[in-house]
Each structure stands twice: as C-alpha cells, then as structure tokens.
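I opened the structure to look at three things: a cavity, a pair of helices and a barrel. My notes follow.

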Amino acid sequence: MNRGLILRFENLVQLRGACRQLRTLSYRKVNRAQWKPVQLSAHPMWSVLYPQLWQKDKVISIALSQHRHLATKEETKKKRKKIPLTRGEVEIRQKMTIEELARAMGKDIDHIYEALLYTDIDLDSLEPDSILHEDHIKLVVKKSGMKYKSAKLKEEKERENTDAVKRPPADPAVLTPRPPVVTILGHVDHGKTTLLDSLRKTQVASMEAGGITQHIGAFLVHLPSGEKITFLDTPGHAAFSAMRARGTHVTDIVILVVAAEDGVMQQTIESIQHAKNAGVPLILAINKCDKPEADPERVKKELLAHDVVCEEFGGDVQAVNISALKGENLMVLAEATVALAEMLELKADSTGLVEGTVIESRKDKGKGPVTTAIIQRGTLRKGCVLVAGKTWAKVRFMFDENGKAVDAASPGIPVEIMGWKEVPSAGDEILEVESEQRAHEVVAWRTYVEQQERIKRDVEVIEAKQKEHRMEYEKKQEKLAHLTWRQKKAVLYKANKHLMFSKPKERTEMDKNVLSVIVKGDVDGSVEAILNILDSYDADDECKLDIIHFGMGDISETDISLAEAFNGVVFGFSVKANESIKQLAAKKGIKIKLHNIIYKLIEDLKDELNSRLPPSVAENTIGEASVLDVFSVTVGKNKIPVAGCRVQKGLLDKKMKFKLIRHGDVIWKGSLSSLKHHKDDVQVIKTGMDCGLSLDKCIEFNIGDELICYEEKEVQQTTSWDPGF
C-alpha cells in the first residue's frame with residue numbers, strides 16, 4: 001500500500017474521532033464528566049507497520065481523557081446549591097490560606113473553591129497556599145452556614161515568657177548600710193531648690209527658667225560628718241504631680257518644705273498625700289523663718305488637720321526651722337535626716353545583678369540617650385548590660401552629679417548612664433541581665449506583650465465601632481423600609497449630597513474647631529507632665545484637642561511635615577528650633593511655640609484653642625424707648641402701624657437693629673422703616689425726646705411695648721477647660 005495514502009487515511013480517522021468527542025462533550029449533562037476516547041479498533045492495521053503513529057494516537061486519547069467538562073450556567077447553579085450547611089463556629093484570622101481555612105472549617109479544599117464561586121476571585125489563579133482576604137474568608141464561612149469569630153491570641157500562651165524579673169530578697173547577712181534617698185517636696189516657690197543648693201553648694205536655681213525647677217534631678221550630698229545623703233529634687237509645680245508621686249516611691253524619707261509666712265498650700269497637701277501613699281516618713285522643714293511675718297507655730301497647727309503631728313504635739317514628725325537662703329539650721333536638718341535614716345536601718349545588697357529606677361531620661365547631642373538613675377541593689381559598673389522598659393544598654397560611661405566620670409555606683413547612689421539604644425521612660429525599672437542576647441530577648445518579649453495588648457484593645461474598639469455602625473445602619477434601614485429602592489437611593493443621595501460635593505477647602509473649614517498639636521520636650525519627664533495636663537482636657541464639644549505626636553529633642557523637619565499634614569501647631573518645652581527649621585515652618589505657615597516655663601506653654605495652648613472657637617455674637621444695648629400711643633398711616637392701599645414713642649434711655653439710631661418686647665418676650669427683631677420727629681425724618685432720637693416710628697414688618701403695636709435699639713458685636717469665645725493653674 002502507498003505510504004502517502006496510509007498517512008492521509010490516518011489523519012482523516014483521527015479527525016473523525018476528535019469530532020465525535022467534541023459532539024459528545026456538547027451534549028454531556030453530567031457535572032464534571034470526562035471524555036471517553038473512541039477506540040476504532042483494538043489494534044489498527046497500521047499499528048504493526050507504523051507503531052510510532054499508534055503511540056501518537058494513544059497520547060492524544062489520553063490527553064483528551066484528562067480534559068474536564070466545561071460547566072454551563074445551569075450546572076454552576078447546581079454546584080452552588082450543593083454546599084452542605086454545617087452549623088458551627090470557625091476561628092478566623094487575617095491572612096489565612098485556603099488550606100488553613102479548610103482545616104479550620106473541617107472541610108476539603110474543593111469545598112472552599114465551591115464557596116469562592118460567590119466572589120469575584122479568579123479561581124484559576126488560586127493555589128492551596130494562596131492567602132485569602134478577610135472579607136472573602138468571612139463570606140466562605142457564612143455561605144457554608146457557619147459562624148465566624150476572631151481567633152484568640154493563642155500565641156501568647158505558646159510563646160515562652162523571656163522577661164527579666166527582680167531577684168528574690170537577699171539574705172540579711174549580706175546586707176550593708178546605704179545612704180538614704182531623700183525627696184524634697186512642697187509648694188511652688190517655698191524654697192525647695194534653694195534648700196538643696198545650700199546643701200550641695202551649687203546654684204541650680206539661677207539656671208532654672210523663672211526660678212522654677214523644670215525636671216527631676218538626683219544628687220549626692222557629702223556632709224561634714226562624713227555621712228552621705230542622696231536627694232531627689234522634684235519640681236514643685238502642680239504640673240509635675242505625677243513625677244513627684246513617682247519620686248516618693250523610690251525614696252526613703254520626705255522633707256516637706258513649707259514657707260513660714262504662707263503656711264499650708266494646695267501642693268503641700270498633695271505632697272503629704274504622696275508620702276502617705278508611699279508609706280514614707282516625713283521631716284518638716286519650715287523655711288523662710290528669717291522673714292518678719294514668719295509664723296512657724298501656725299504652720300505646725302495647720303498641718304494637724306492633715307495628720308502631720310510634730311514631736312512637740314506628741315507626734316513623730318521632726319520639725320526644723322530653717323532659712324535656706326541664709327543657710328540657717330541646715331546642719332540641724334541634715335542631722336535630723338541622718339538620725340531618721342539610722343532608725344530606719346537602711347541596708348541593701350551590693351552584690352549580684354543590678355536593680356534600679358530611672359529618675360530622668362533625655363537625649364544629649366554629644367552623649368546620645370542618657371538616664372539619671374538610682375541604684376537600689378547590686379553595684380553598677382562599666383560594661384554591665386541593662387534593660388529598662390522596651391530598650392537596653394551596655395554601660396559605656398557613668399557620671400556623678402558634677403559630670404565627673406565614675407567607675408562604679410553602689411546602692412543609694414545616683415548616677416548618669418550612657419550607652420542606651422533608645423531613651424527609656426522616667427520611672428522605668430532597671431534590671432541587669434547576663435548578656436546582650438538576653439537583653440534582646442527581654443526587649444522582644446516586652447514589645448510582643450505590648451503589641452498583643454494593643455491588638456486586643458484595637459479588636460475591642462473595632463468590634464464596638466462595628467456594632468455601633470450596624471445599629472445605626474439598621475435604624476436607617478427601618479426608616480426607609482416603606483420606600484422602594486429608587487426612593488431609598490434618592491433619599492440617601494439628598495442626605496449626603498453636601499458631603500460628596502464639598503471641596504477640600506470647605507472640608508478644612510468644617511474641621512476648623514480641631515487643634516492638632518505636636519509636643520517636644522527636653523526630657524521624658526517634662527513631656528510626660530505636659531501630656532498629663534493635656535489628658536485633663538474636657539472641652540471637646542467646644543474644640544477638639546488632637547495630640548498627633550510627642551517626643552524628646554529639638555524641633556525637626558519631620559515635626560514640621562506632620563504639622564503641615566494635620567494643620568497643627570508645634571509646642572516645644574526647653575528645646576530649640578534652628579534657623580532653617582524656622583524658615584521652613586514660616587514658608588509652610590506652621591506655628592512653632594517655644595517655652596521654658598510649663599504654665600506659659602499651657603496658657604499659649606489655651607490661646608490657640610480659643611482662636612479655633614467660633615466667635616459669639618453679643619448684643620450691646622444703645623437705647624430704650626416705650627410705646628405711648630398707637631396709630632396708623634395709609635400708604636397707597638396699605639395701612640402701616642405707627643408707634644408714638646418716648647426715648648427712656650440712651651438713643652435710637654435708625655441704622656442700628658431693633659427688637660420689640662411685649663410682657664418680657666421678644667416678638668420681633670429687625671430694622672426700622674421710618675423714624676420721625678415732628679413730621680421730619682431723622683436718623684437719631686436722644687433721651688427724653690418723642691418720635692414716631694414704623695417697622696420693616698407689619699406688626700401691630702400695643703401701648704406699653706418696649707423698643708430696644710442695639711448693635712451686634714462678635715466676641716471671641718474662650719474655652720471652659722481649666723488645667724488647674
């Protein structure tokens with residue numbers, strides 16, 4: 001047989017078989033049916049002569065058998081109806097894969113694919129490890145007849161706790177005496193800093209802005225007797241009450257300074273309360289006893305009302321009359337402090353890992369992050385690895401209160417520490433760990449715990465918001481339930497039209513009563529104190545106060561960019577803004593407010609809040625008149641009521657506004673259409689003169705009515721927020 005004829009016959013047979021398969025496919029009604037290859041014969045006659053052609057036909061048949069039947073619309077509907085409804089609750093989380101979702105639901109992957117037919121996802125692009133969007137996850141669960149809930153934070157239980165903790169109490173046999181840590185508390189300007197200056201022979205008060213201490217400082221004072229006392233100089237201003245409270249919790253003794261001529265003041269009472277809460281004994285220092293108006297006995301009696309009983313009244317509080325300015329009786333006060341410390345038997349363990357407390361933290365341009373700390377246990381040396389809050393340090397250098405480098409710091413000694421990776425917060429607990437790797441573990445754990453807590457809070461807030469929005473939506477739908485969908489659409493469009501077409505400038509005007517602020521301070525304690533004051537803001541209905549950023553250090557370009565984005569104001573406390581930053585802020589129209597005294601910063605902030613409040617309209621009365629007679633005049637076809645009046649006070653000016661009062665009620669406001677005196681038109685009528693007048697609206701007068709002439713003036717509103725100054 002001719003080989004060419006055989007090949008042509010072979011091709012025709014293959015074409016006929018393929019056509020039959022396609023015709024069979026088009027009439028298939030069974031879902032997911034497979035093609036069945038057409039076998040012309042078990043062994044075609046040319047398979048013996050040309051086995052390679054038979055292999056080719058076999059490959060084609062196998063390929064056709066693997067092709068899946070194309071689903072029609074009717075078959076797709078049948079597929080959707082086949083999803084079984086299994087009642088249950090599925091724990092879902094973000095970024096779940098198809099395989100993970102199927103495992104959580106107890107289904108196979110095909111079930112997930114079938115449920116995804118309800119979405120606009122391209123199924124051909126999905127693999128078992130493809131990540132699904134949260135909305136699609138919820139839809140799959142819902143269409144499966146199941147309920148979903150957010151997965152609990154199981155990782156928190158599974159993850160090993162690697163936090164650092166304090167050591168158990170030391171054996172009393174290894175304890176050694178340590179210097180007492182003393183806090184000086186009292187009302188502002190009662191002489192706390194002056195007292196400390198006199199003890200350590202320095203002049204810190206002259207360097208403080210306005211003579212008011214702005215942040216905590218810790219100093220070691222060496223007495224002539226050889227004793228040492230560590231003093232915490234806490235600010236006396238009310239704004240730093242939180243810092244002052246923290247100071248009492250790390251100290252052993254509180255010296256309460258009260259001015260002899262002023263007596264007990266508000267912050268004196270707060271200081272007593274802080275000491276009581278911390279369980280710290282008091283020593284009373286009655287200052288300014290050198291003044292003629294000083295009355296120490298009155299101070300002692302006033303303190304009785306606050307459970308501070310001096311020794312002469314049968315109590316246990318030592319009272320010392322001093323003059324911090326002249327240095328009188330300071331050694332007596334120091335000896336009283338040492339005597340009380342001996343009674344307390346203050347001892348500490350100077351061995352083992354270090355424990356302490358951050359008193360103050362700041363960023364120094366030359367030194368980087370720096371902290372002032374009180375060592376409470378162990379001995380701090382160079383090279384020690386410390387953790388505090390969510391940061392750590394390898395101690396590079398240590399300095400005393402005079403800036404002199406030291407090699408070691410034992411319990412009760414204040415020291416300035418360099419080597420922190422970031423600035424810790426004032427009041428954070430300092431713990432020494434074995435290595436840098438251990439420090440990384442501690443910081444990672446604390447960061448993780450904070451993230452989990454934040455996520456938990458966020459989930460609660462989101463769920464509450466969703467519930468609130470759902471209730472609002474349901475209420476709106478109930479109101480629109482009787483309308484057709486076209487009517488609903490028209491109503492919703494009309495309600496939101498003003499928002500859709502509002503321009504950016506108009507939206508800015510709508511948010512004009514919002515003050516966005518950026519707070520920058522020199523040290524962590526100052527920033528915290530300012531934020532504590534701002535937390536007391538309670539006038540959001542007048543002007544919303546939004547703190548968009550806070551931190552330490554000088555004003556930066558990032559701060560200006562943030563302020564520009566939020567139309568905000570930058571407030572700096574004891575920080576600087578260089579000339580280039582000031583020029584950038586001026587170019588972008590951003591205000592930079594720099595202050596060194598905290599209450600002036602708050603006053604400036606209140607002024608900014610007041611400037612955001614819309615002005616109120618005040619009525620200023622110019623004149624008053626009473627209606628003595630009533631008559632009318634005819635103008636064309638209309639009769640116009642006219643009142644015969646006498647001016648009782650001030651004057652009536654036709655250009656001003658008027659209101660008609662009857663029996664104490666205002667029944668009309670507007671302008672006059674005419675004002676006459678002896679038939680002559682006039683502009684002004686003075687006290688005691690008679691006149692006739694008519695209004696711009698046809699209102700009948702009654703004898704005894706009153707007319708008030710007034711002018712309207714815009715008056716700038718002031719916020720009702722009282723920060724306590």
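How do the residues of the lining of the largest cavity divide into nonpolar, polar and charged? I count seven nonpolar, no polar and no charged (Ala, Val, Leu, Ile, Met, Phe, Trp, Tyr, Cys and Pro are nonpolar, Asp, Glu, Lys and Arg charged, the others, Gly among them, polar).

I note that this is a predicted model, where local features need pLDDT of at least 70, side-chain atom pairs count only at pLDDT 80 or more, and totals for chains, interfaces and linings use all residues. Residues are numbered from 1 along each chain as its sequence is written, and side-chain values use heavy atoms, without hydrogens and water.

Entry on the cavity. I looked up its lining and found Val-517, Val-519, Ile-530, Leu-534, Phe-571, Leu-601 and Leu-605. On a 1 Å grid over the protein atoms alone, a cavity is a set of points where a 1.4 Å probe fits but cannot get out, and lining residues have an atom within 4 Å of a point. Strand 19 (514-521), helix 17 (524-535) and helix 20 (598-612) each supply at least two of the lining residues. Helices (H or I, at least four residues) and strands (E, at least two) are DSSP runs, numbered from the N terminus.

Entry on the helices. Helix 18 (residues 557-566) packs with helix 19 (residues 579-588) at about 10 degrees, the axes 10 Å apart. Axes are lines fitted to C-alpha atoms over the stretch in contact, with angles from 0 to 180 degrees between N-to-C directions. The two are therefore roughly parallel (under 35 degrees).

Entry on the barrel. Six strands close in the order 11-12-17-15-14-18, with antiparallel pairing (at least two DSSP bridges per pair). Four bridges join strand 14 to strand 18.

Key. Angles under 35 degrees count as roughly parallel, over 145 as roughly antiparallel, 65 to 115 as roughly perpendicular and the rest as oblique. On a 1 Å grid over the protein atoms alone, a cavity is a set of points where a 1.4 Å probe fits but cannot get out, and a pocket is an open set with protein on both sides within 12 Å along at least five of seven lines; lining residues have an atom within 4 Å of a point.
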